[in-house]
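Me: Could you take a close look at one part of this model for me, the surroundings of the ligand? I'd love a connected walk through that site.

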Amino acid sequence: MEPRTFPQDRTCPHQPPEGYRAVTEDGPISRLKLWDGREVWAITGHAEARRLLVDSRLSTDRRNPAFPVTSAAAASIRNRLTPPLVGVDDPVHKVQRGMLIPSFTHRRINSLRPHIQEIAERVLDAVVEKGAPAELVGAFAQPLPSMVMCHLLGVPYDDHDFFEERTTRMLSGQNPAESWGELRAYMLDLVGENQHRLGEGLFGDLVAAPDGKVDRGDLVDLAMVILAAGHETTASMLSLGIFTLLRHPERLAEVRADPSLWPAVVEELLRYLSITDGFTRVATADIEIADITIRKDDGIIFLTSVINRDEDVRERPDSLDWHRATQNHIAFGFGIHQCLGQNLARVILRIALHSLFERLPDLRLAAAPEDVPFKPGIAIQGMIELPVTW
Ligand code: HEM
């Protein structure tokens with residue numbers, strides 16, 4: 001059979017691409033072709049994905065020449081793609097992650113709740129004041145996580161306009177290199193000359209770490225990865241989550257009638273939308289799995305959108321159901337690289353969605369659903385614009 005290709009665009013923003021569904025027919029592990037003609041393994045089975053993601057013979061090191069590159073754009077910056085954490089294997093990964101864990105405990109994240117609620121109210125005040133119609137990616141989904149990131153890192157409040165503007169520009173692709181440079185320079189200054197201005201937060205924790213002696217540049221690189229990993233993902237989950245809820249009014253009515261359902265709604269939306277669709281690894285040794293041998297240097301892609309809809313794991317995976325246990329989805333990954341910010345993401349999403357639908361009970365799309373633009377397959381899945389009225 002002709003190998004299938006990666007990436008593919010979704011035809012509906014809240015459904016996996018039809019081509020990925022077709023790949024599942026070949027079994028839990030099959031072949032896909034990349035843009036440069038290279039063939040890689042596509043993982044679509046839930047059990048196989050979880051087995052492989054905890055296997056230390058899989059590497060995330062982008063400097064490995066055999067690491068699969070999923071677009072021409074990524075190939076052109078390949079030599080600069082050595083992000084800490086996400087692009088590093090153990091044992092170095094473990095040391096880096098260990099430095100950050102104190103900033104992401106349940107206790108720390110819970111202590112941020114009042115601030116996140118305050119931020120959500122402030123962003124919604126501005127939306128309401130401007131009045132209907134509104135465009136919710138720019139007015140809600142992007143600024144809210146950006147403000148939370150500012151707070152998480154400990155960026156002084158006086159600088160939040162500068163910080164949020166650069167973050168949004170960098171992550172929405174408007175002049176990303178320039179914004180990246182400006183943010184990096186700003187952060188270097190903040191953890192160096194301007195340490196006395198640091199608020200409570202991750203930067204302060206790292207600067208004060210007793211055995212830390214962390215190089216200023218390394219510290220800033222870690223913060224940049226957290227920013228890149230945490231902002232666009234959360235903003236995309238918000239925009240696509242709102243769109244999906246508006247497209248399922250009967251499901252939305254259930255949670256409006258019983259707001260205690262919001263945590264379950266967020267979990268089910270994470271599974272159903274699987275916005276990081278297709279993360280990559282390279283094999284560093286031969287691996288036998290499901291009657292297949294993955295060879296050393298083979299590339300591997302995890303097609304999360306179909307893994308999270310594996311019928312062996314849950315019934316009716318294509319329907320949204322707030323009343324089922326959804327915990328074992330892999331929307332946050334699995335194994336040593338499982339999302340460090342997942343507890344924070346959950347809190348932001350619960351507070352933001354609950355506040356939005358409570359504040360604007362008549363919220364509805366201001367365009368035909370098929371005319372609302374969403375991101376292409378290679379990107380983190382989400383809406384480009386979200387026109388609404390109330
Ligand atoms: C809904 C929002 C989010 C989604 C869907 C998401 C998804 C993911 C996924 C799938 C991975 C694993 C990728 C892989 O194994 O290759 C990951 C890793 C990571 N995420 Fe998230 N993420 C979200 C929010 C956040 C937030 C809010 C933060 C931080 C503030 C964050 C920080 C990170 C970091 C640092 C890693 C790398 C962890 C490591 O390599 O050890 N994420 N995320």
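Reply: Happy to! A residue is taken as near the ligand if one of its heavy atoms lies within 4 Å of it. In this predicted model, 28 residues surround the ligand, and the closest are His93, Arg97, Arg281, His337 and Cys339.

Two of these closest residues make side-chain polar contacts. A polar side-chain atom of His337 sits 2.6 Å from an oxygen atom of the ligand, and for Arg281 a polar side-chain atom is found 2.7 Å from a ligand oxygen. The backbone takes part as well: a polar backbone atom of Leu85 is 3.5 Å from an oxygen atom of the ligand. As for secondary structure, the elements that give two or more residues to this shell are α4 (92–100), α8, α12, β6 (279–283) and α16 (342–359). The biggest share comes from α12, with 6 residues. By class, the shell holds 18 nonpolar, 8 polar and 2 charged residues.

Helix α12 spans residues 216–247 and includes Thr233. Thr233 counts as buried because its relative accessibility is 18%, under the 20% cut-off. Leaving aside residues up to four places away in sequence, Thr233 touches Ile275, Thr276 and Ile380.

Helix α8, for its part, leads on to another site. Together with α5 (106–111), α6 (113–130) and α9 (160–171), α8 (143–153) supplies at least two residues to the lining of the second largest pocket. That pocket holds about 400 Å³ of space. Its lining has 22 residues, with His115, Cys150, His151, Leu152 and Glu200 nearest the centre. Sorted by class, the pocket lining has 9 nonpolar, 8 polar and 5 charged residues.

Terms used:
Residues are numbered from 1 along each chain as its sequence is written. This is a predicted model: local features need pLDDT of at least 70, side-chain atom pairs count only at pLDDT 80 or more; totals for chains, interfaces and linings use all residues. Side-chain values use heavy atoms; hydrogens and water are left out. On a 1 Å grid over the protein atoms alone, a cavity is a set of points where a 1.4 Å probe fits but cannot get out, and a pocket is an open set with protein on both sides within 12 Å along at least five of seven lines; lining residues have an atom within 4 Å of a point. Grid points are joined across faces, edges and corners, and a volume is the space filled by probe spheres set on the points. Helices (H or I, at least four residues) and strands (E, at least two) are DSSP runs, numbered from the N terminus. Ala, Val, Leu, Ile, Met, Phe, Trp, Tyr, Cys and Pro count as nonpolar, Asp, Glu, Lys and Arg as charged, and the others, Gly among them, as polar. Buried means under 20% relative accessible area, exposed over 50%, partly exposed in between (1.4 Å probe, protein chains only). Contact means heavy atoms within 4.5 Å. A polar contact is a pair of N or O atoms within 3.5 Å; within protein, one must be able to donate a hydrogen and the other to accept it, and residues adjacent in sequence count only if both atoms are side-chain atoms.
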